[in-house]
Amino acid sequence: MQQDNALRQFLLFAFVLIPPCFALWTLAAQMLALPVVGLADLILKNWFPQMVDGLVFHGKGGTVLLTQFGELNGVAVPPSQSEYQLAFSINPNILSYSFPFYAALHFATQKKEYLGGFLVGVLVLYPLFLLGVVSICLKELMVNLGQVFMQQSDVFVPNGTFIALLYQLSVLIVPTIAPIALWLWQNRQTTLLRGVFGWVENVGKAAGAGSDSA
Amino acid sequence: MKRFFLIFSAVLIALFTIEMLNPVQAHVVVPFTSVLAKISAALVSPFDPNVIAMGKVLQFRDTGFAVSIESGCNGVEATIVLIAAVVAFPADWKSRAIAIGVGFLAVQALNIVRIISLFYLGDWNKDVFTWVHLYLWPALIMLDVLIVFILYLRHLARREEAAAAHAAG
């Protein structure tokens, strides 16, 4: 009965909190992405110094990956042969919406302490956000520069299939699964989840005891 | 709990890799996506005869505005997450199969609401469409998966309690 109430309350608060959490995130998205864009810029410039000129904010809420190339007749060429610097648009928001989603789940759950757990959750999500931004940049470089990027000498470039899988996982799965996994882990002792996870732990112990005796 | 996360991650990555294979995309995912587009059009057309479906594309006859249902918008990834979670949790296979079947229907029902809502939002305002499409709906679909999974776990826990009470009584 207590669990029924906890579930109803969680669902109600989750749906009530999602709009304001996403609205606040929309306002703060660029600020939230600032450390990740800065770190990804450092990583990519050091990893691919011959390819990447930088990852920078550009325009209203946009981010661009600047390359060391220009473009001539659809082909990447050295900047001296082109009037333009080749750059690819990156949208970090397709990853960072995991923050408002996690916030809505976290604050919708009845528990004693909120702020500390939330800060821990944000700290866990940040490295995944960084990995996601790097994976998007790798995919852009692979798709747009092709062999010029993939066949660099003296630089480790991950396999194309690995980049594709990492990109798909980072964009389609991690932004929604990471907040849920984090929420499940942090709230396993709450009224809402204690019953179900307490039960599975009992099943696990019983199975262990069964295999011991067999 | 650790065992659950390990099995969940392994099944998730395995199914996700299979889903990305070209033959699976060509023979399963794309035809399935076309069926979703047709169902969406069939649901909307009694109220709005301007809507037509061509393959995985939904289109307004009058304005010409169209949306193409792509990978990530067909609920397949959400279903994969649900399957991974259900398989990772200890239960009999009959319960798992029922949970996956019911969960699939729940995910796809909400996904059709998503497709129809995005179709009309896109015709109205491109910026709102982009925001809702890229950020809000993915979270809502995964919340749907979470709710289905919690309800399934509670069903299993209650059944276990009832069996224990019966055995004790």
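Student: Over which residues of chain A does pLDDT stay under 50?

Tutor: That stretch is residues 210-214 of chain A, where pLDDT (the predictor's confidence in each residue, from 0 to 100) stays under 50. For this stretch the model has zero contacts beyond four places in sequence, a contact being two residues whose C-beta atoms, placed from the backbone, lie within 7 Å. Chain A as a whole averages a pLDDT of 87, with 89% of its residues scoring at least 70. This is a predicted model, in which local features need pLDDT of at least 70 and side-chain atom pairs count only at pLDDT 80 or more, whereas totals for chains, interfaces and linings use all residues. Residues are numbered from 1 along each chain as its sequence is written, while chains are lettered from A and ligands numbered from 1 in the order in which they are written.

Student: Why is Asp154(A) called exposed?

Tutor: A residue is exposed if 12 or fewer other C-beta atoms lie within 10 Å of its own, buried if there are 20 or more, and partly exposed in between, with C-beta atoms placed from the backbone. Asp154(A) has 5 such atoms within 10 Å and is therefore exposed. Asp154(A) also has a positive phi of about 70 degrees although it is not a glycine. Most residues other than glycine have a negative phi.

Student: Where is Asp154(A) placed?

Tutor: Asp154(A) is in the loop between helix H5 (147-150) and H6 of chain A. Helices (H or I, at least four residues) and strands (E, at least two) are DSSP runs, numbered from the N terminus.

Student: What makes Asp53(A) partly exposed?

Tutor: Asp53(A) has 19 C-beta neighbours inside 10 Å, and therefore counts as partly exposed. Asp53(A) is found in strand E1 (residues 52-58) of chain A, and touches Leu66(A), Thr67(A) and Gln68(A), leaving aside residues up to four places away in sequence.

Student: Why does Asp48(B) count as partly exposed?

Tutor: Asp48(B) counts as partly exposed because it has 14 C-beta neighbours inside 10 Å. Asp48(B) lies in the loop between H2 and strand E1 (51-54) of chain B.

Student: What makes E1(B) and E2(B) a pair of strands?

Tutor: Two strands pair if DSSP finds at least two bridges between them. E1(B) and strand E2 (residues 57-60) of chain B have four bridges and run in the antiparallel sense, and therefore they pair. Ile52(B) stands opposite Gln59(B) in E2(B). E1(B) and E2(B) form a hairpin with two residues between them, and Gly55(B) in the turn has a positive phi of about 60 degrees.

Student: How many bridges join E2(B) to E3(B)?

Tutor: Three bridges join E2(B) to strand E3 (residues 66-68) of chain B, and these strands run antiparallel. Gln59(B) stands opposite Ala66(B) in E3(B). The hairpin formed by E2(B) and E3(B) has five residues between the strands, and Gly64(B) in its turn has a positive phi of about 85 degrees.

Student: Why is H3(B) described as mostly covered?

Tutor: Ten of the 13 residues of H3(B) are buried, among them Val76(B), Glu77(B) and Val81(B). What covers the buried residues of H3(B) includes helix H6 (160-186) of chain A together with H1, helix H2 (22-44), helix H4 (93-124) and H5 of chain B.

Student: What span is expected for H3(B)?

Tutor: The expected span of a helix is 1.5 Å times one less than its number of residues. For H3(B), with 13 residues, 18 Å is expected, and the helix reaches 18 Å from its first C-alpha to its last.

Student: Which residues touch the most other members of the largest nonpolar core?

Tutor: A nonpolar core is a set of buried Ala, Val, Leu, Ile, Met, Phe, Trp, Tyr and Cys residues joined through C-beta atoms within 7 Å. The largest has 76 residues, of which Val133(A), Cys137(A), Val81(B), Leu82(B), Met142(B) and Val145(B) touch the most other members. H5(B) gives the most to this core, with 13 residues. Met142(B) touches Thr176(A), Ile180(A), Ala78(B) and Val81(B), leaving aside residues up to four places away in sequence.

Student: How many residues of chain B are in contact with chain A?

Tutor: There are 25 residues of chain B in contact with 28 residues of chain A. On the side of chain B that touches chain A, the largest share, 14 residues, comes from H5(B).
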